[in-house]
Structure formats: structure tokens, C-alpha cells
Amino acid sequence: SMLDRGFDINDVKKDKLSAVIEVVNDFIKNRKSDRIGLINFASSAFIAAPLTYDKNYLLKILQKQKVGIVGKRTAIYDALIQALYILQNSDTKNKAIILLTDGIDNMSENSFDDTLDVATKSKIKTYIIGIGKTRELDIEKLKQLAFVSGGKFYLATNKDTLSKIYKEIDKLETKKIKARSYTVYKYYYYFPLMFSIIF
């Protein structure tokens with residue numbers, strides 16, 4: 001289904017995956033000081049790029065994503081649990097997952113209930129984006145997974161909507177850096193004072 005056309009209303013010949021990659025590409029470029037990773041999932045889930053500060057490397061990996069690399073089915077829960085475990089082992093304070101899918105889980109080894117339990121205990125915000133047609137998504141389950149994590153569920157019916165969603169997430173996950181300023185005083189009166197005392 002990621003090869004379906006028409007998701008980008010400005011270029012109806014473009015397939016869905018290409019449109020998604022363009023949006024994600026812009027999102028990654030706009031993040032200033034994040035470590036970002038990428039998990040690819042279909043019939044199974046694997047780490048396409050580990051957490052990294054190297055945007056150029058990550059963007060190259062993103063551009064190489066193809067439909068069917070890991071099969072033709074959908075293992076949403078396995079992908080989410082893998083992402084949760086990766087972030088749980090990271091020493092970063094602020095953590096978030098963006099899970100994007102256009103299908104219903106039909107291949108995960110982990111059950112929905114187990115995934116829900118892990119997502120609840122992890123307390124790592126998960127933003128879940130369902131793309132495409134609602135009948136092709138298990139919206140209620142996706143909403144539950146987002147809710148228990150403190151995240152949010154979104155539905156994107158086209159590329160423009162998806163771009164707006166990523167911009168919203170970008171704002172939600174922007175942390176203000178508190179800076180402290182110090183004034184350094186140098187006192188020079190000691191020199192004339194000592195001179196005066198001597199004489």
C-alpha cells in the first residue's frame with residue numbers, strides 16, 4: 001500500500017513512500033541537536049539506523065528505504081517495542097517516538113496487550129501517525145498506544161496534512177534551553193591601595 005499513488009495531491013503520480021520520505025527528510029533537517037534513529041518494519045522490524053547525531057548519514061539511510069525490504073506484511077507492535085527498548089537504554093532525558101503506519105498489524109510476535117503494557121511502563125511519548133484510508137488502520141488500538149505513553153494519535157490523509165503533523169510534533173518536542181549568565185568583576189583598586197599603604 002506504500003506504493004499507492006495520490007497521497008501527494010500536488011503530484012498524484014508520486015507513490016506514498018516517496019511523499020513520506022520527503023516529509024521525514026525535512027523533519028530531520030529541522031531538528032537541531034537530537035540523536036535520531038530509524039526503524040524499518042513490514043513482516044519484521046529492524047534498525048535501519050541507530051541513534052545518531054549524524055544527520056547526513058541518517059538522511060542517506062532514509063533515502064535508501066524501499067517497499068518490500070523486509071517483506072509485505074505489517075509488524076507494528078514489534079517495531080514499537082524495539083524502539084522503546086532502544087530509548088530505554090539511552091541516557092537521554094527527553095525521549096520520543098514517531099510511529100508511522102498505513103496498515104493493520106498482522107505479523108508481530110508481540111501481542112497488542114503486551115505492547116500496550118510496555119508502552120505504559122516506559123513513559124516514553126509515542127506519536128502515532130496513521131496515513132491513508134481509515135478502513136486500512138486499526139485506529140482504536142493506535143490511539144490507545146499513543147494515549148498510555150502520553151503521546152498523541154494523528155490521521156494524515158495526504159502529504160500536506162502529514163507535513164503539518166510533523167511540524168506540530170516538532171514544536172511539541174522542542175525543549176527550551178535555560179541559560180545562566182555571569183558577570184565577572186575585576187577589582188583594580190588593590191594596586192593603588194597597596195601603593196598608598198607602603199608610602
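Mentor: In this predicted model, helices are DSSP runs of H or I with at least four residues, and they are numbered from the N terminus.

Trainee: What phi does G150 take just after α5?
Mentor: Helix α5 spans residues 139–148. G150 comes just after α5, and its phi is positive, at about 85°.

Trainee: Why are the buried residues of α5 on the same side?
Mentor: The buried residues in α5 are I139, L142, L145 and A146. An α-helix has 3.6 residues a turn, so residues three or four places apart point the same way. The buried set of α5 lies on the same side because it covers an arc of only 125° around the axis.

Trainee: Which residues are exposed on the other side of α5?
Mentor: Exposed here means over 50% relative accessible area. On the side of α5 opposite the buried residues, those exposed are E140 and F147.

Trainee: Which elements do the buried residues of α5 pack against?
Mentor: The buried residues in question are I139, L142, L145 and A146. L142 also belongs to a second, separate core of 24 residues, which includes I76, Y77 and F112. The packing partners of the buried α5 residues are α3, β3, α4, β4 and β5.

Trainee: Which element gives the most to the largest nonpolar core?
Mentor: That core has 27 residues, and V20, I28, L100, I129, I131, L162 and Y166 touch the most other members. Two or more residues come from each of α1, β2, α2, β4, β5 and α6. With eight residues, the element that gives the most is α1.

Trainee: Which residues does I129 touch, not counting those up to four places away in sequence?
Mentor: I129 is among the members of the largest nonpolar core that touch the most others. With residues up to four places away left out, I129 touches I98, L99, L100, T101, Y154, A156, L162, I165, Y166 and I169.

Key. Residues numbered from 1 in each chain as written. Predicted model: local features only at pLDDT ≥ 70, side-chain atom pairs only at ≥ 80, totals over all residues. Heavy atoms only, no water. Buried < 20%, exposed > 50% of the residue type's maximum accessible area, 1.4 Å probe, protein only. Arc of directions from axis to C-beta. Contact = heavy atoms within 4.5 Å. Core = buried A, V, L, I, M, F, W, Y, C linked by side-chain atoms within 4.5 Å.
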